[in-house]
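Here is a short tour for anyone who likes to see how the parts of a protein fit together. Please have the model open as you read.

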Amino acid sequence: MVVNVDNPIFKKLGMKYPIVEGGMTWAGTGALAAAISEAGGLGFIGTGYWHGEDVRREIKRVKSLTDKPFGVNVMLLSRHIREVFDVIIEEGVKVVATGAGDPSPFLDELHAAGIIVMPVVPSVSLAKMMEKKGVDAVIAEGMESGGHIGMLTTMALVPQVVDAVDIPVIAAGGIGDGRGVAAAFMLGAAGAQMGTRFLTATESEIHPNFKAKILKAKDIDTIVTGNLLGNRARVLKNKMAKNFVKNEVNELQKEKPDAAAIEKLESGTLRCAVQEGDKEGGAFMAGQISGLIKDEKPAADILSDIWTQATGVMGIENKTLS
Ligand SMILES: Cc1cc2nc3c(=O)[nH]c(=O)nc-3n(C[C@H](O)[C@H](O)[C@H](O)COP(=O)(O)O)c2cc1C
């Protein structure tokens with residue numbers, strides 16, 4: 001098999017490695033995004049439910065640290081989405097990734113501003129719908145991932161999405177080393193997205209307790225909250241996660257289960273983990289691949305080590321895309 005690691009989008013952006021940072025609410029700060037982009041990957045600012053001016057602050061931070069292109073990940077359910085897109089366009093951001101919804105109402109204006117749009121998709125049907133609406137690529141994310149997840153595994157989802165669409169597919173979920181990146185290409189993807197691996201980059205600004213928890217984690221140390229009633233999210237096990245699941249089970253016994261009450265249990269918990277390192281009350285969102293991650297090192301080393309291993313596994317020359 002001849003592996004094709006070319007991706008027209010990555011080429012256009014001048015990236016060295018076909019590796020993207022998954023947008024991460026609170027954890028995906030400008031400093032981390034800048035380090036990843038500067039090293040030749042594609043860094044992303046995670047914006048969650050921020051106001052436009054918070055997004056502008058992090059964009060300016062990236063710009064102060066690198067001249068390389070970077071992306072902004074937006075949550076379409078955010079009440080502030082209009083102002084966030086205004087800031088993204090004003091600041092000349094090159095790439096937008098979208099989670100939690102359909103970006104098509106904004107597509108024309110983003111394209112008019114020259115912005116590449118890549119929604120995260122958990123299923124074939126959504127990938128096909130996104131392609132029809134005119135997005136530039138899709139990020140097919142499996143349920144091994146940290147953060148909010150769908151139902152399918154990366155191994156099952158990616159080849160099915162690849163077969164269903166003609167636009168580039170970036171694989172996400174459970175990728176933490178060069179073997180994972182090579183596997184993504186074997187499944188037909190045109191790039192790999194990682195979240196959890198970058199959380200332990202030296203430039204990652206998450207609380208030391210969060211980094212330590214990932215570095216200590218074993219393969220079975222994540223749990224999915226919101227499985228029964230809420231918004232499914234993969235987190236490292238702790239008191240908060242176990243209580244959440246217990247409360248969910250209890251709520252389900254009631255005659256009229258209150259899904260909103262269950263979702264409220266999650267409110268603010270990711271920020272608590274990322275910024276305060278609250279070991280008991282925080283939601284330490286991280287993927288199943290946590291068990292593989294044993295070191296903290298600069299983003300540049302993560303990228304070059306992974307690409308060396310990936311090209312070795314794929315049996316292709318160890319050279320960068322540009
Ligand atoms: C702490 C954390 C926060 C995340 N927040 C978001 C987000 O705001 N938007 C989004 O599209 N994906 C989010 N994700 C998913 C990542 O972008 C990425 O797809 C995922 O981490 C890939 O799987 P991996 O963790 O196995 O590498 C988050 C993941 C983590 C670990």
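The text below goes from the domains and their interface to a small sheet, a loop and a salt bridge.

**Two domains**

Keep in mind that this is a predicted model. Its domain assignment gives domain 1 as 8-206 + 295-314, and domain 2 as 218-285. Measure from centre to centre over C-alpha atoms, and domain 1 and domain 2 are 25 Å apart. Their contact draws on 15 residues from domain 1 and 11 residues from domain 2.

**The interface**

Together, domain 1 and domain 2 bury about 1100 Å² between them, and 61% of that area is on carbon and sulfur atoms. Which three residues of domain 1 supply the most of what it buries against domain 2? They are Trp26, His148 and Ile149, with 50% of the area on that side.

What holds for charged pairs and polar contacts here is easy to state. Across this interface there are 0 salt bridges, while 7 residue pairs are in polar contact, both partners being at pLDDT 80 or more. On the side of domain 1 that touches domain 2, the residues divide into 7 nonpolar, 6 polar and 2 charged.

**A three-stranded sheet**

Now look for an open sheet of 3 strands, in the order 7-11-10, with antiparallel pairing. Its two edge strands, which each pair on one side only, are strand 7 and strand 10. Strand 10 is joined to strand 11 by 4 bridges, and the two run antiparallel.

| Strand | Residues |
|---|---|
| Strand 7 | 147-148 |
| Strand 10 | 222-225 |
| Strand 11 | 233-236 |

For a landmark in this pairing, find Val224, which stands opposite Arg234 in strand 11.

**The loop before strand 10**

Between helix 10 (208-216) and strand 10 runs a loop that includes Asp221. A polar atom of the Asp221 side chain lies 2.7 Å from the backbone nitrogen of Lys218. Which residues does Asp221 contact once its neighbours within four places in sequence are left aside? The partners are Lys216, Val235, Leu236 and Lys237. Of these, Val235 and Leu236 fall within strand 11 (residues 233-236).

**A salt bridge between helices**

The structure as a whole holds 22 salt bridges. One to visit is Arg82 with Glu109, whose closest N and O atoms are 2.8 Å apart. This pair links distant parts of the chain, 27 residues apart: Arg82 sits in helix 4 (residues 81-90) and Glu109 in helix 5 (residues 104-112). Side chains of opposite charge can pair when their charged atoms come close.

Methods
Residues numbered from 1 in each chain as written. Predicted model: local features only at pLDDT ≥ 70, side-chain atom pairs only at ≥ 80, totals over all residues. Heavy atoms only, no water. Domains from an automatic or database assignment. Contact = heavy atoms within 4.5 Å. Buried area = accessible area lost by both parts, 1.4 Å probe. Salt bridge = Lys/Arg side-chain N within 4 Å of Asp/Glu carboxyl O. Polar contact = N/O pair within 3.5 Å; in protein donor to acceptor, adjacent residues only side chain to side chain. Nonpolar A, V, L, I, M, F, W, Y, C, P; charged D, E, K, R; others polar. Pairing = 2+ DSSP bridges.
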